[in-house]
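Welcome! Here are some short exercises to work through with the structure beside you. Try each one before reading its solution.

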Amino acid sequence: MSGIALAGASAGANSLAFAPANPVVLAGFVDALGQFLRPGNLASVFVDGLSKAAIYVMIAGGLTLIFGLMGVLNFAHGSLTMIGAYLGGLLMVTAVGGGSGPVTRLLLFFVALAATFAVLAGLGGAMEVGLIRRLYDRPPIYQILLTFGLTLILDELVRIVVLFYGLQPTSDWQAALGTKPAFLSQSVEIGGLSVAGLDLFEIALGALTVAALWAFLTRTRYGLIIRAGSEDAEMTEALGIDVRRVFTVVFALGAGVAGAAGMLLMWDPAWAASVPLGADTLLPAFVVVIVGGLGTFRGTVVAALLVGMVDAVMTWWFVNEIEFAGLPEMTIFLILVVMLILRPQGLFGVEEVGGH
Amino acid sequence: MYSVLVTSPLGAEMTTVLPDVETMITVFYFALFAMSFDFISGYTGYLSFGHAAFYGTGAYFVVLASNGKIPFVAVDTPFVVLLVLAGLAAVTLSLLIGAVSFRLTGVYFAMITLGFSQVLYVFVRGWDYAASNPRDGPAVLERTEPFSVGVPGVDSLNLAIGQLSGDEIEGLFGLLNFSATEVSYYMVGLVALVCYFAMQRIIHSPFGKVMVAIRENEERAAAIGYDTFWYKLGAFAVSAFFAAVAGGLLAGFQRSVSPENSFYFLVTGDALLAAIIGGFGTLAGPLYGYLFDETVTEFLSKTGEGGGLLPYLRSHLGEGTLSTEVYNGLTVQQGIDTFLNGHAALYVGVVFVLFVLFVPNGLLGTVRDRLGGPVGKEIAERLRSDEK
């Protein structure tokens, strides 16, 4: 993990500075390393990494579910997340109204989360039945193309709605950010370490998502059918299970999870509800899913942790030592590229899946 | 042709529907990029989702070279030479990316190329060597004279292109007058046409046949004895070359580039759109696809430059109809503003999805399927068979 991170860092540093390493820079680097290794900093970077990982796992969870069973790489996933952010924000803004207390807000959040999940699951199901179903017997490229087209349509529709209701004079929607309970914006002291409340909330929700999906896949009968379907769809069909219907359910589920993730992002000032959020979340989701191995849920969780941690470490380095704003973003894609070179099937991917 | 149509009895309708000359220049250079995308994606079946990397390389190369920021390339190097150099730079890049990427197939190939291009995009967006404000991208500052297309060294054959600074020609053969924009139109079109023929030539060569063989069944192509890796890499390099030329034309015409209109992955998305609507795996198809895209965009543009829906309706329906309330205080004009103007992406997206579902071969591909073979040849045969 750190190997990849350091390789990314040094390559970036060299190509942007175009200068030979001089002693001063080197001394600064050693100083920074010392700073970085201090327990306080290390711990805060760790918490930051965890909260990033939680976000990544929520965005990527639905994507990997859909790919695992159906082999469809859903390009519209980011747009579904974005719709979730707006829808959730809209529900919150309407419900919170005249300044409810923090606990009420939190309760409302979970109600709105369930509603967003339901609406997007419905949308996802409709998409599968109406459009994607027609393409299963074509080469996989056509599914990429179709879902890419859907992205255009969904983004533009949202833009029309946003414009029509005058929601968004600015680039991100401040009203939704305003519904955040105050205690999430404050920092909490844990063992002498100050942690942002929102970070903890994100970590908790991420863990909850992972646990819920995990339990659904391994502990329920339907999860068993889904796993069987992704192992061998034909055989499952031969056992008398309607795999087509399972496809619809999984697609709906994946879309719902995407929406729920969007709902969470709405409160995070680093993301916030905006139309470009679709593209912004889609790419990290792809990276996480591919690094973990397409279609393996375990891989996605591990990859989200990996990417989140590397991202947090790099962000710390580039804020404190090397000034190059784009580099944390760049490291995410460097992880993708390095992973595909070293191990194309991903961390937990099966060779056979990686081959097609 | 344009002026004939516009001055015809249907003039008003034509101005509304047809794109204006300036848009057509964009269509030319972007269609060239879409063709180069189709060259690799449509003919070998490897979806190069990061093709914008090469387009951006070409565009940045030209702008940086004309700011004297590329070593050993003088500021006043002829534009055509710059295009070729930009192409070669992209070829080098494509060999590096391709050597790694072509070990993968299908979705993975699309993703790794996307990954590479995003790395470049983020890098360029923060690279303060390229521009003082890298997020907005560089503009041509050092080089004051416009870029000209022509034979280097022969002044009379060079014609400058550019949005505001191109050449004008008056009294050619005593008859023809061209405005600066029209000169740019023909010159950019000329470069695009030459590149089109070059790619067409490659596709119809034995090399091109191997590319199609790889698309149809790579294992068989390998079994016959072709080293498919090198063929794929070769095709990728050729495609990168022309993508960079297209990017160079963009930079030459606009005199500035931004990371968003060159390296961003949605630029590749636009090329994909054009290729699918026009015909995936037909080289000329992307031109028609992008022409369609731009026409719809301009027809529904907010400003209504060069015609468009709103100015047309305003002059034909009159204010009375437009300010009629339809629903809850929403007038017709507001309705059009809200749901139509500026939202071309929605309608292009719908058309795109319909094409993916029902017309997988695209406009040109379907025409070819119906007529079987190159259109011109087939029409002649049909006419002959009708005579019997």
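The exercises below concern a predicted model, and each is followed by a worked solution.

**Exercise 1.** Find how many residues each chain brings to the contact between chain B and chain A, and how much area is buried there.

*Solution.* Start with the residues: chain B supplies 44 and chain A supplies 45. Next, take the area: about 4,300 Å² is buried between chain B and chain A, with carbon and sulfur atoms giving 81% of it. Then look for the residues of chain B that lose the most area to chain A: they are Y108(B), M111(B) and L357(B), together 16% of what that side buries.

**Exercise 2.** Work out which elements build the side of chain B that touches chain A, and what kinds of residue lie there.

*Solution.* First list the elements of chain B that give two or more residues: α6 (106-125), α12 (265-278), α15 (332-339) and α16 (344-358). The largest share, twelve residues, belongs to α6(B). Now sort the residues of this side by type: 31 are nonpolar, ten polar and three charged.

**Exercise 3.** Count the salt bridges and the residue pairs in polar contact across the interface of chain B and chain A.

*Solution.* The salt bridges come to zero. For polar contact, one residue pair is found, with both residues at pLDDT 80 or more.

**Exercise 4.** Decide whether T116(A) is buried or exposed.

*Solution.* Begin by locating T116(A) in helix α5 (residues 102-130) of chain A. Its relative accessible area is 0%, and buried means under 20%, so T116(A) is buried. Finally, leaving out residues up to four places away in sequence, T116(A) touches G84(A), L87(A), G88(A), L91(A), G259(A) and M263(A).

Key: Residues are numbered from 1 along each chain as its sequence is written. Chains are lettered from A and ligands numbered from 1 in the order in which they are written. This is a predicted model: local features need pLDDT of at least 70, side-chain atom pairs count only at pLDDT 80 or more; totals for chains, interfaces and linings use all residues. Side-chain values use heavy atoms; hydrogens and water are left out. Contact means heavy atoms within 4.5 Å. Buried area is the accessible area (1.4 Å probe) that two parts lose on being put together, summed over both. A salt bridge is a side-chain nitrogen of Lys or Arg within 4 Å of a carboxyl oxygen of Asp or Glu. A polar contact is a pair of N or O atoms within 3.5 Å; within protein, one must be able to donate a hydrogen and the other to accept it, and residues adjacent in sequence count only if both atoms are side-chain atoms. Helices (H or I, at least four residues) and strands (E, at least two) are DSSP runs, numbered from the N terminus. Ala, Val, Leu, Ile, Met, Phe, Trp, Tyr, Cys and Pro count as nonpolar, Asp, Glu, Lys and Arg as charged, and the others, Gly among them, as polar. Buried means under 20% relative accessible area, exposed over 50%, partly exposed in between (1.4 Å probe, protein chains only).
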